[in-house]
Amino acid sequence: MIAVARVAVLAVAVMAGAGLALPAASTAAQTVDGALDGIERPAAPGDPVRSAEIDQRTAEIGATLRCPICRQQSVAESSSRIAREMQGVIRTMLMEGRTHDEIEAYFVEAYGPWILLKPRAEGLNLFVYAGPGLAFLLGGLLVARRIRRGRSRGEEERGEPAPPDHLRRADRRWLEAAIKGS
């Protein structure tokens, strides 16, 4: 009988941890926590589902921020002390219910816009996004212009007999002068 009671308590605990509790029980939990529909409640210290969700969101936000020490790695990738502290700050802010944008704004205010691994497309940062495309177009225009110039020169020279491919003009003139002089 005691074993059955332990199994039942364990099953209820697993269902509650996995979010499978009855609707009435979840409504009561929301009422007790003071949470309203649609508003995320802070993570309970022993809630494994909520804790896993916060860990995942911490890693996602950390992947968008640059480590101040490493600079080539995100906060999520870096093993530096400051990156670990930043992840702790992100986790705390998520537990408080802050959004991704609010957390990003906090770090931009503290460190400046360089802390973002992907710069925002505004102001001078537009050159980061538009520059490669403009350089590609400019290069294409220069190549097209060169090709057209080469074709127009070829059309001008068509009036003269075409020299053999392996002889250039100077070589041909020298050869003709040598033949006439001998």
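**An all-helical chain, from fold to surface**

Read along the sequence, the chain follows the pattern α-α-α-α-α-α-α, with seven helices and zero strands (DSSP runs numbered from the N terminus, H or I of at least four residues for helices and E of at least two for strands). The model is a predicted one, in which local features need pLDDT of at least 70 and side-chain atom pairs count only at pLDDT 80 or more, while totals for chains, interfaces and linings use all residues. Residues are numbered from 1 along each chain as its sequence is written, and side-chain values use heavy atoms, with hydrogens and water left out.

Of the 182 residues of the chain, 16% count as buried (under 20% relative accessible area with a 1.4 Å probe, protein chains only; exposed is over 50%, and partly exposed lies in between). The accessible surface, computed by the Shrake-Rupley method with a 1.4 Å probe, comes to about 14,100 Å², of which 61% belongs to carbon and sulfur atoms. Among contacts (heavy atoms within 4.5 Å) with a separation of 6 or more, 40% are accounted for by residues 24 or more positions apart.

The largest nonpolar core, meaning a set of buried Ala, Val, Leu, Ile, Met, Phe, Trp, Tyr and Cys residues joined through side-chain atoms within 4.5 Å, has 15 residues, of which Ile-61, Leu-65, Ile-90, Leu-94, Ile-103, Phe-107 and Ile-115 touch the most other members. The elements that give two or more residues to this core are α3 (48-62), α4 (81-95) and α5 (100-111), and α4 gives the most, with five residues. Leaving aside neighbours within four places in sequence, Ile-115 is in contact with Thr-64, Leu-65, Arg-66, Pro-68, Met-86, Phe-107 and Val-108.

Helix α4 also holds Gln-87, which counts as buried because its relative accessibility is 17%. Again leaving aside neighbours within four places in sequence, Gln-87 is in contact with Thr-58, Val-75 and Ala-76.

Turning to the exposed side of the model, Leu-134 is found in helix α6 (residues 126-156) and counts as exposed because its relative accessibility is 52%. Together with Phe-136 and Leu-137, Leu-134 makes a nonpolar surface patch of about 380 Å².

Helix α7 (residues 169-181) has 13 residues and reaches 18 Å from its first C-alpha to its last, close to the 18 Å expected at 1.5 Å a residue, where the expected span is 1.5 Å times one less than the number of residues. Of these 13 residues the number buried is zero, so α7 lies largely in the open.

Technical notes. Patches are made of residues with over 30% relative accessible area and no salt bridge: like charges are joined within 9 Å, nonpolar side chains (Val, Leu, Ile, Met, Phe, Trp, Tyr) within 5 Å. A salt bridge is a side-chain nitrogen of Lys or Arg within 4 Å of a carboxyl oxygen of Asp or Glu.
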